[in-house]
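Thank you all for coming; I would like to walk you slowly through one structure today. Please have a look at it before I begin.

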Amino acid sequence: MKFAILLFLLMAFGLVAGAPRLAAQPESKASSTLQEIRRRGVVVCGATAPAPGFAVMDEAGSWSGFDIDFCRALAVAALDDPQKIRIETLQQKQRLPALHSGDVDVLLSGAPWTEAREAGHQLLYGAISFYGGQGFLGRRAWGPTGEPWRGAGGTPPRVCVQQGGSSELNLAQFYREHGVAYRPVAFGSLEEAARAYDAGDCDLFSADLVELHQWRSRLQKPDDHVVAPALISKSPLGPIVRQGDDQWFNVVRWTLFAMVDAEELGVDAKTVDAALSSDIPDLRRLVGSDGDFGEGLGLRPDWAYRVIHEVGNYAEVFDRNLGKSSPFAMERRQNALWSKGGLMYAPPVR
């Protein structure tokens, strides 16, 4: 019996010839992304640009947009300075190599979240920062609000769409599923489709929600046109990081969550100072007055307070870049808080 026990222990530690050995744990090939950012002194964000409303550089070289503000929020969280960012403009083929090589720390919302993108390319989407999808643009006088795809007066609508892409396929599938007739008018580019719609060659223009709002602002009389509430596809967007660095993934994810939670708790850049002395437990934890919300992330306790103070809550970022304070005047709809009929939802800070 004693011999059997001794033999078992020897085999367990690999001291007997032929005994199986446990696989060695792989060593980290580099420092964590957060450590590298602090060594470097800037957060490097990869952006698809120009993307009006999301990432645009003006003649003076200054960046602005929904995605740029999120990059600034990450810089506040990691470095306590919204100006410590560098934006790398990337073409589609450059995005993944740049992320995996460490040339950029995060990809801002450039490609919709799908299983193939995340699992197939060893990526992690931090969270959904914008709920998009394909929709319809129509003339306000025609009233394309409830079911614009059915057309006016019972006649099949003429729908301008870009040829050869997912928009054309989504459109065909949508009308087939609803059993409604339509007349597609396909063009080689999105710009040609938009121009044809503006000229009256089509009753509707169908494209991605963001593209519809961008093109609506360029029409001859933007106020005569409206983007219908209906969406015919899903296109969730959000910041993307590489797999294998859980700390940085959590920093990216919780930066967005903190901005959403701030809106839900009714605190913004103008009121966050007063929140420091609030008696609301969730708010006190968010701004760092109670607990240590930042310890598990490797951040200072009041990092979320600094993000809100320097960049704003989710509503502020949305409104100034895409919403009522921007040329696009985009309604929140799916991007409204869950408590206001939308899909925007963040776990509580507890």
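**A helix and a cavity**

The buried residues of helix 12 pack against helix 3 (66-79), helix 9 (246-264), helix 10 (272-275) and helix 11 (281-287), where contact means heavy atoms within 4.5 Å, and where helices are DSSP runs (H or I, at least four residues) numbered from the N terminus. This is a predicted model, in which local features need pLDDT of at least 70 and side-chain atom pairs count only at pLDDT 80 or more, while totals for chains, interfaces and linings use all residues. Residues are numbered from 1 along each chain as its sequence is written, and side-chain values use heavy atoms, with hydrogens and water left out.

Helix 12 covers residues 303-310, and 6 of its 8 residues are buried, so the rest of the structure largely encloses it; buried means under 20% relative accessible area with a 1.4 Å probe, protein chains only. Those buried are Trp303, Ala304, Tyr305, Arg306, Val307 and Ile308, and just after helix 12 comes Gly312, with a positive phi of about 115°.

Turning to empty space, a search of the whole structure finds 1 cavity of 30 Å³ or more, a cavity being a set of points on a 1 Å grid over the protein atoms alone where a 1.4 Å probe fits but cannot get out, with lining residues having an atom within 4 Å of a point. The largest cavity has a volume of about 90 Å³, the volume being the space filled by probe spheres set on the points. Among its lining residues are Phe66, Asp67, Phe70 and Tyr314, and helix 3 gives the most to this lining, with 3 residues.

Notes: Buried means under 20% relative accessible area, exposed over 50%, partly exposed in between (1.4 Å probe, protein chains only). Helices (H or I, at least four residues) and strands (E, at least two) are DSSP runs, numbered from the N terminus. On a 1 Å grid over the protein atoms alone, a cavity is a set of points where a 1.4 Å probe fits but cannot get out, and a pocket is an open set with protein on both sides within 12 Å along at least five of seven lines; lining residues have an atom within 4 Å of a point.
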